[in-house]
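Q: Please take one part of this model and go through it closely, with the terms explained as they come up.

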Amino acid sequence: MANEVIKCKAAVAWEAGKPLSIEEIEVAPPKAHEVRIKIIATAVCHTDAYTLSGADPEGCFPVILGHEGAGIVESVGEGVTKLKAGDTVIPLYIPQCGECKFCLNPKTNLCQKIRVTQGKGLMPDGTSRFTCKGKTILHYMGTSTFSEYTVVADISVAKIDPLAPLDKVCLLGCGISTGYGAAVNTAKLEPGSVCAVFGLGGVGLAVIMGCKVAGASRIIGVDINKDKFARAKEFGATECINPQDFSKPIQEVLIEMTDGGVDYSFECIGNVKVMVTALEACHKGWGVSVVVGVAASGEEIATRPFQLVTGRTWKGTAFGGWKSVESVPKLVSEYMSKKIKVDEFVTHNLSFDEINKAFELMHSGKSIRTVVKI
């Protein structure tokens, strides 16, 4: 099949706000510096739901969503040297070309080589590899994992341990890596630090895991859904609080609980009011607040400049700061050696035909991550 069009199943988002539709699509062979991957498993992330809702300014339709997947290379295009058919891989929504000024700078992981075309739902040459019922279907985040086969740029692929269970490590394509890296790469928190994590979904739990690995002495989970507290404690939270249980602002509660504020706070929701709260819960002189959640387009954050003048730092992270091609294989190895948790994030497993149910579970707050077997 290497140079032929493959017909397969995919979950197509024909328009915003409508459920995904399982369709037969055509997937063209990979062009130069592209890789065609047979997806084995994919998870559903809030970012997929955000785009499907119509709120994403980069959201284009019709499209094949999905960016938390894992699979096997089916074929490679001309000029691909680091990958071959049969390799076990995770597609990456942040590539690593190794050549642009971003890749060459150790301070960032935001490779820009294919950013413009990726944002338009296209391959680097400006075209799509997907068609359905005679219509062009767009790519999503450079990955499109809600399909039995997908085509991605060769710089957007991490080659991983072939023994890794793909229905678990697919989660390292986004949420777990993002939260874990926010703690160990972006915050670089020191042993003994006091931390607060706002939002105890999959990303928040991964932040808690990162704080624990880094040696935090206190990890305070903050969420308005108390049903999430038990799992947060399993991941390493030392205590959990619900803002609705207090008459005063939660940042004031945290300042009292911690003798002046936390050393590190993490916002894992994408709510601009909570981002401000997380900053204001930080200790004067050295507190650092990391924005991990993605706010809706056009939202703005505002706080008194005095918060920063008096020594607090506000920073953000994307994909946990990991340079993707080189780091994801190492994260898989950390999972295989039991340094980091992955299995514990998976609360539900569904068949491909049930993919819309994964979105329902996420919106209801009943799931952490639902893995769909493709």
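A: What follows is a close look at one sheet and the helix that packs on it. The model is predicted, with local features requiring pLDDT of at least 70 and side-chain atom pairs counted only at pLDDT 80 or more, while totals for chains, interfaces and linings use all residues. Residues are numbered from 1 along each chain as its sequence is written, and side-chain values use heavy atoms, with hydrogens and water left out.

The sheet is open and is built from six strands, which follow one another in the order β12-β11-β10-β13-β14-β15 with parallel pairing (strands are DSSP runs of E with at least two residues, helices runs of H or I with at least four, both numbered from the N terminus; two strands pair if DSSP finds at least two bridges between them). At its edges lie β12, residues 239-241, and β15, residues 313-316, each of which pairs on one side only. From one strand to the next, the twist averages 20° (axes are lines fitted to C-alpha atoms, for helices over the stretch in contact, and angles between N-to-C directions run from 0 to 180 degrees).

At the β15 edge, strand β14, residues 288-291, runs parallel to β15 and is joined to it by four bridges; Val-288 has Thr-313 of β15 as its bridge partner. Helix α8, residues 272-280, packs on this sheet and touches β10 (194-198), β13 (264-267), β14 and β15, where contact means heavy atoms within 4.5 Å. The direction of helix α8 makes about 175° with that of β13, one of the strands that the helix touches.
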